[in-house]
Amino acid sequence: MQDTEMDSPPIDQLDRRKVLHVGGLVTGLIIVGVFLAIAFPQVAGADGSYVVTSDSMSPAINAGSVVFVDGLPADELSDGDVITYQISDERVTHRVVAVRETDDGREFKTKGDANEQPDPGWVPADRVIGVVAFAVPLVGYVVSFANSDAGLLALVVIPAVLLIISELWDLFRAPPSESEDGVGP
């Protein structure tokens, strides 16, 4: 008995639709994974995530990036660490350029990499949110847009309305169901 090879198309002739489908699925999973990590930074091993709104840390971290921040005890922070801290209603991500001990505890002098001068004043340890573990470029623009009224409309309301219309369309276009005896309703 002879072995016969099954006729199959060569690898270079794979069905393009399948390749595109798998590629789209993988891309979609990556995108969902990134946004899940931003919403739940613990998934990425971080304590928080924040959108960078200025280029003061360029080229290391550009505006539109999302930084993932780990809480770190103030006594472990040192020169060169990039930290995120809270001043008034604003979060700032800058590099530590000096550390000093005071009667009230540790304080940090910070400076944006793109800035010529250090930031005015010192940052008390209790204002430090954490040290930047890593940053994801450009995604912050999408996050900022999603948090706006236009983003809510474009990313939630319009797709929900289109889904409802599609379901209603399918419901009204469906052929009448047959009863058990094969005769229509």
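Which residue in strand 6 does Glu107 stand opposite? Glu107 stands opposite Pro124. To see where that pair sits, start with the whole sheet.

This is a predicted model, in which local features need pLDDT of at least 70, side-chain atom pairs count only at pLDDT 80 or more, and totals for chains, interfaces and linings use all residues. Residues are numbered from 1 along each chain as its sequence is written, and side-chain values use heavy atoms, with hydrogens and water left out.

Helices and strands are DSSP runs, numbered from the N terminus; a helix (H or I) has at least four residues and a strand (E) at least two. Two strands pair if DSSP finds at least two bridges between them. Here 7 strands form an open sheet with antiparallel pairing. Their order is 1-2-7-3-4-5-6. Strand 1 and strand 6 stand at the edges, each with a single partner strand, so one side of each has no neighbour in the sheet.

Now walk across part of the sheet. Strand 7 (residues 128–136) pairs with strand 3 in the antiparallel sense, over 3 bridges. In this pairing, Thr84 has Gly130 of strand 7 as its bridge partner. On to strand 4: 6 bridges join it to strand 3, and the two run antiparallel. Here Tyr85 stands opposite Val92 of strand 4. Strand 3 and strand 4 also form a hairpin, with 2 residues between them. Ser88, in that turn, has a positive phi of about 55°.

A hairpin also links strand 4 and strand 5, again with 2 residues between the strands. These two pair over 7 bridges, antiparallel. Val96 has Thr110 of strand 5 as its bridge partner.

Why is strand 5 (residues 105–111) described as largely enclosed by the rest of the structure? The reason is that 6 of its 7 residues are buried. Buried means under 20% relative accessible area, exposed over 50%, and partly exposed in between (1.4 Å probe, protein chains only).

Strand 5 also meets strand 6 (residues 123–124), antiparallel, through 2 bridges. This is where Glu107 faces Pro124. Phe108, too, has a partner in strand 6, namely Val123.

Between strand 5 and strand 6 runs a loop that holds Asn115. Asn115 counts as partly exposed because its relative accessibility is 28%. Its C-alpha atom is 9.1 Å from that of Ser58, although the two residues are 57 apart along the chain.

Next, the empty space. A 1 Å grid is laid over the protein atoms alone; a cavity is a set of points where a 1.4 Å probe fits but cannot get out, while a pocket is an open set with protein on both sides within 12 Å along at least five of seven lines. Lining residues have an atom within 4 Å of a point. Points are joined across faces, edges and corners, and the volume is the space filled by probe spheres set on them.

The largest pocket holds about 310 Å³ of space. Its lining has 15 residues, and Thr53, Glu90, Arg91, Val92 and Thr93 lie nearest its centre. Strand 4 gives the largest share, 5 residues. The lining divides into 5 nonpolar, 7 polar and 3 charged residues. Nonpolar covers Ala, Val, Leu, Ile, Met, Phe, Trp, Tyr, Cys and Pro; charged covers Asp, Glu, Lys and Arg; the others, Gly among them, are polar.

Finish with helix 3 (residues 149–173). Its 25 residues should span 36 Å at 1.5 Å a residue, and its end C-alpha atoms are 34 Å apart, which agrees. The expected span is 1.5 Å times one less than the number of residues. Helix 3 has a kink of about 30° at Val157, shortly before the proline Pro159. Such a bend is the angle between axes fitted to the seven residues ending at a residue and the seven starting there.
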